[in-house]
Amino acid sequence: NKLVENLTSEKEYDIDLMKTFLITYRSFTSTETFMRKLIERWTVPASVDKKIAMVIKLRICTIIQHWLE
């Protein structure tokens, strides 16, 4: 969970972390679990500021885009 939170953090964007994670995630989790965690992260609580929620969702989209490439 913490890895997905760090990957999608609204505070900092680390493209090297994302690339490294996408290369290595299969050594410690399955594709299904990773996708499920991204979906869970997409569901941002209503109490979170809308701008922050949008940044998180954009980060998730970016991850999926790089993952598919």
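Colleague: At roughly what angle do the axes of helix H3 and helix H4 cross?

Modeller: The helices are DSSP runs of H or I with at least four residues, numbered from the N terminus. In this predicted model, local features need pLDDT of at least 70, side-chain atom pairs count only at pLDDT 80 or more, and totals for chains, interfaces and linings use all residues. Residues are numbered from 1 along each chain as its sequence is written, and side-chain values use heavy atoms, without hydrogens and water. The axes of H3 (residues 31–42) and H4 (residues 50–68), lines fitted to C-alpha atoms over the stretch in contact with angles from 0 to 180 degrees between N-to-C directions, come within 9 Å and cross at roughly 155°.

Colleague: Are H3 and H4 roughly parallel or roughly antiparallel?

Modeller: Angles under 35 degrees count as roughly parallel and those over 145 as roughly antiparallel. The crossing is at roughly 155°, so H3 and H4 are roughly antiparallel.

Colleague: Which element gives the most residues to the largest nonpolar core?

Modeller: That core, a set of buried nonpolar residues joined through side-chain atoms within 4.5 Å, has 13 residues, with Leu7, Phe34 and Ile63 among those with the most contacts inside it. Helix H1 (2–7), helix H2 (15–24), H3 and H4 each give two or more residues. The most, four residues, come from H4.

Colleague: Is Cys61 of helix H4 buried or partly exposed?

Modeller: Buried means under 20% relative accessible area and exposed over 50%, with partly exposed in between (1.4 Å probe, protein chains only). Cys61 lies in H4. Because its relative accessibility is 38%, Cys61 counts as partly exposed.

How values were computed. Parallel < 35°, antiparallel > 145°, perpendicular 65-115°, else oblique.
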